[in-house]
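I opened this model to look up how its strands pair, what lines one of its pockets, and how a few single residues sit. My entries follow in the order in which I looked things up.

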Amino acid sequence: MTDQTRVLNQTLALGDNPDEIHYDEQDGRGFIVLGGIQIALSLTSQAALDKLATVTAQAAADNRARTLRKVA
């Protein structure tokens, strides 16, 4: 897999099972696995991975805040 690919306008349901989210190596290549979706790290720049980590942390914080507001 040397060709870069993009999925445009795709909505993915992450689900509610955190065990389906993990890092995996196949044939020496790293992948972030999100249920049935795999992100090939060999096709991803470090800047894109850093941004993914930042956006994921922000989404988690926003979701936690929303949940706490509902409980309060």
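**Strand pairing**

I began with the first two strands and found that β1 and β2 run antiparallel and are joined by six bridges. I took two strands as paired if DSSP finds at least two bridges between them, and I took helices (H or I, at least four residues) and strands (E, at least two) as DSSP runs, numbered from the N terminus. This is a predicted model, in which local features need pLDDT of at least 70 and side-chain atom pairs count only at pLDDT 80 or more, while totals for chains, interfaces and linings use all residues. Residues are numbered from 1 along each chain as its sequence is written, and side-chain values use heavy atoms, with hydrogens and water left out.

Following the bridges, I noted that Tyr23 has Ile32 as its bridge partner in β2, and that Gln26 stands opposite Arg29 in β2. I then moved to the next pair, where β2 and β3 also run antiparallel and four bridges join them. Here Phe31 has Ala40 as its bridge partner in β3, and Ile32 stands opposite Ile39 in β3. Ile32 therefore has a bridge partner in each direction, namely Tyr23 and Ile39.

**Whole chain**

Stepping back, I counted one helix and three strands in the chain, and read their order from the N terminus as β-β-β-α. Of the 72 residues, 7% are buried, where buried means under 20% relative accessible area, exposed means over 50%, and partly exposed lies in between (1.4 Å probe, protein chains only). Among contacts between residues at least 6 apart in sequence, 18% join residues at least 24 apart, a contact being heavy atoms within 4.5 Å.

**Turns**

I looked next at the hairpin of β1 and β2, which has two residues between the strands and Asp27 in the turn. Asp27 has a phi near 55°, a positive value in a residue other than glycine, and I recorded this since most residues other than glycine have a negative phi. Asp27 counts as exposed because its relative accessible area is 80%. In the hairpin of β2 and β3, also with two residues between the strands, Gly35 takes a positive phi near 65°.

**Glu25**

Glu25 lies in strand β1, and its side chain makes a polar contact of 3.2 Å with that of Tyr23. By polar contact I mean a pair of N or O atoms within 3.5 Å; within protein, one must be able to donate a hydrogen and the other to accept it, and residues adjacent in sequence count only if both atoms are side-chain atoms. The C-alpha atoms of Glu25 and Ala40 are 9.7 Å apart, with the two residues 15 apart along the chain.

**Thr44**

Which loop holds Thr44? I found Thr44 in the loop between β3 (37–40) and α1. Thr44 counts as partly exposed because its relative accessibility is 24%. A polar atom of the Thr44 side chain lies 2.8 Å from the backbone oxygen of Ala40, and, leaving aside neighbours within four places in sequence, Thr44 is in contact with Ile39 and Leu49.

**Second largest pocket**

I finished with the second largest pocket, which holds about 290 Å³ of space. The elements that give two or more residues to its lining are β2 (29–34) and α1 (46–71), and α1 has the largest share, six residues. Ile32, Ile39 and Leu49 are among the lining residues. The lining divides into 10 nonpolar residues, one polar and no charged, with Ala, Val, Leu, Ile, Met, Phe, Trp, Tyr, Cys and Pro counted as nonpolar, Asp, Glu, Lys and Arg as charged, and the others, Gly among them, as polar. On a 1 Å grid over the protein atoms alone, a pocket is an open set of points where a 1.4 Å probe fits, with protein on both sides within 12 Å along at least five of seven lines, and lining residues have an atom within 4 Å of a point. Grid points are joined across faces, edges and corners, and the volume is the space filled by probe spheres set on the points.
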